[in-house]
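Let's take a walk through this model, starting with its strands and ending with the empty spaces inside. Keep the 3D view open as you read.

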Amino acid sequence: MLMAMLALLSAGGAAYAQGPVKITLWHAMGGARYEAITKGIAEGFNRAYPNYTLEPLFTGSYAETLTKAIAAIRAGNPPHIVQVYEVGTQTMIDSGAIIPVTDLVPPGEINFADYIDPILKYYTVRGKLYSMPFNSSTAILYYNKDIFRKAGLDPERPPQTFDELEQMGRQILRSGVARGAVTFGWPAWIFEQMFAYHNKYYANNENGRAARASKVLFDQPFGVYLASRWATWAREGLLVYGGREYAPNRAFLAGEVAMLMQSTSQVSTIERGAKFAVGTAFLPRIPGQPRGKSVIGGASLWVLKGRGRSRSELDAIVAFFKYLNQPTQTAQWHRDTGYFPATQSAVRLLESEGWFAKNPNFLTAFKQIQLGPDTGATRGVLLGNFVQIRDITDTMLERIFSGRMTPAEAVRLAADEANKVLDEYLKTYK
């Protein structure tokens with residue numbers, strides 16, 4: 001397939017004589033991660049491959065980057081590579097504008113079997129790996145050990161269940177050392193995580209992996225129960241709503257809230273910003289529910305067709321992916337950010353250096369993602385227009401946390417809205 005595709009492309013052999021071949025990468029890595037991708041990865045690649053130049057461009061949040069990429073695709077002038085968060089997977093596959101990674105990389109040039117299994121399986125859909133694994137994450141529990149100690153709790157024993165979180169949270173509130181027990185980063189994502197974590201389907205057709213999903217299932221009894229449990233936390237003052245995405249970090253770092261459910265990608269940011277001892281732990285489980293496992297978040301790299309990519313441009317993309325796949329690069333990206341070391345080779349390198357022994361908070365998510373069954377419910381959800389649906393569920397949770405709607409009312413309304421979005425999407429791609 002690669003040879004046939006390359007044969008159709010315009011010849012690019014003269015490019016080397018005209019200077020380095022330029023490829024562009026649109027990404028959503030702000031803060032400390034901006035330095036890691038621009039100075040660490042891009043400058044390193046450009047030094048290692050002087051025939052190629054990788055130009056990274058920060059294009060805003062994940063949602064803004066995806067929106068800009070879709071607009072660029074429609075205009076016929078997209079970047080060579082775009083970083084898309086996991087909720088964009090179904091949209092990218094259906095776009096007709098991408099080149100699947102395994103169609104681009106010649107067999108044997110990258111050992112994809114070396115990638116951590118849950119990461120590889122997330123981006124493999126019906127037997128084809130569509131995008132290049134890059135910054136994969138999952139949600140974990142961060143907690144303030146100083147608050148735990150002041151509240152009379154064991155700072156080395158975070159809650160393992162919802163029941164324990166409630167008991168410890170009430171003790172923290174009674175002690176007056178914090179105004180809240182827990183807050184959520186990316187609340188709608190935490191809601192999704194809980195379905196996989198308890199081996200429950202979030203959408204039909206095996207979470208959209210057997211066929212395109214046509215209906216969400218979060219209005220089933222588990223979803224209503226989960227929302228009701230969190231509504232109780234909000235009424236008691238245990239749960240403090242801090243906003244969407246990374247905004248809740250502020251209350252946690254300020255010592256106002258004792259615990260934070262947030263992406264492992266924030267380990268470096270939180271450890272650098274905290275003026276207290278930070279602990280990390282697995283997400284708490286709901287007693288009596290089936291055991292699943294946390295699911296992959298973060299993003300991957302998608303190759304866009306554009307108007308006639310030259311052979312040398314495609315070669316540059318393959319070279320870049322091979323550079324990213326090197327254990328030294330994968331391990332450094334993990335050290336700089338907290339995202340998973342995505343390959344077994346990188347994990348072995350980090351272990352040989354004693355990295356995890358010195359930095360146990362970086363190990364928590366990696367251990368959590370590998371525990372639990374591999375089932376259709378734990379491989380991650382694929383939904384058309386998932387970005388819009390996640391916005392709907394964020395709004396749903398805000399209605400619940402503020403008391404504007406009962407959990408049952410809000411969940412039912414959100415499911416109806418999400419199903420309309422899916423129906424419109426399916427009409428487009430029939």
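## Strands, helices and holes

In the pairing of β1 with β2, K22 stands opposite T53 of β2. Bear in mind as you go that this is a predicted model.

Staying with that pair, β1 covers residues 21–27 and β2 covers residues 52–58, and the two run parallel, joined by seven bridges. Another of the matched positions is T24, whose bridge partner in β2 is E55. Between the two strands comes helix α2 (residues 32–48), and β1, α2 and β2 together form a right-handed β-α-β unit.

β1 also has a second neighbour. It pairs with strand β3 (residues 81–85), again in the parallel sense, over two bridges. Here L25 is the residue to look for, since L25 stands opposite I81 in β3. How much of β1 is buried? Six of its seven residues are, so β1 is largely enclosed by the rest of the structure.

Now move along to β9 (residues 180–184). This strand is mostly covered, with five of its five residues buried. Its partner is strand β10 (residues 257–263), which runs parallel to β9 and is joined to it by four bridges. If you want one pair to click on, F184 has M261 as its bridge partner in β10.

Just ahead of that strand, A178 sits in the loop between α8 (162–175) and β9. Is A178 buried or exposed? With a relative accessible area of 11%, A178 is buried, because the cut-off for that label is under 20%. A178 and A357 are 179 residues apart in sequence, and their C-alpha atoms are 30 Å apart in space.

A contrasting pair is T102 and L129. They are 27 residues apart in sequence, and the C-alpha to C-alpha separation is 5.9 Å. T102 belongs to helix α5 (residues 101–104). At a relative accessible area of 37%, T102 is partly exposed.

### A helix with two sides

Helix α16 (residues 344–352) is a good one to look at down its axis. Its buried residues include A346, V347 and L350. Why do these three end up on the same side of α16? They cover an arc of only 100° around the axis, which puts them together on one side of the helix. On the face turned away from that buried side you'll find the exposed residues E351 and S352.

### Two backbone oddities

Most residues other than glycine have a negative phi. Two residues here go the other way. R126 has a positive phi, near 50°, and is not a glycine; R126 is in the loop between β5 (124–125) and β6 (128–129). E245 is also a residue other than glycine with a positive phi, near 55°. Look for E245 in the loop between α11 (221–236) and α12 (249–253). E245 counts as partly exposed, at 33% relative accessibility.

### Empty space

Rolling a probe the size of a water molecule over the atoms shows where empty space is left. For this model, a search of the whole structure turns up four cavities of 30 Å³ or more. The table sets the largest pocket beside the largest cavity.

| Space | Volume | Lining by class |
|---|---|---|
| Largest pocket | about 440 Å³ | 11 nonpolar, six polar, five charged residues |
| Largest cavity | about 110 Å³ | 11 nonpolar, two polar, four charged residues |

First the pocket, with its volume of about 440 Å³. It is lined by 22 residues, and the closest to its centre are P158, T280, A281, F282 and T364. The elements that give two or more residues to this lining are β11 (278–281) and α18 (364–370).

Then the cavity. Its lining has 17 residues, with Y122, E192, V295, G380 and V381 lying nearest the centre. Helices α9 (187–197) and α19 (386–401) each supply at least two residues of that lining. Which element gives the most to the lining of the largest cavity? That is α9, with four residues.

Conventions:
Residues numbered from 1 in each chain as written. Predicted model: local features only at pLDDT ≥ 70, side-chain atom pairs only at ≥ 80, totals over all residues. Heavy atoms only, no water. 1 Å grid on protein atoms, 1.4 Å probe; cavity = no way out; pocket = protein on both sides within 12 Å on 5 of 7 lines; lining within 4 Å. Points joined across faces, edges and corners; volume = space filled by probe spheres on them. Nonpolar A, V, L, I, M, F, W, Y, C, P; charged D, E, K, R; others polar. Pairing = 2+ DSSP bridges. Right-handed = clockwise from strand over helix to strand, strands pointing away. Buried < 20%, exposed > 50% of the residue type's maximum accessible area, 1.4 Å probe, protein only. Arc of directions from axis to C-beta.
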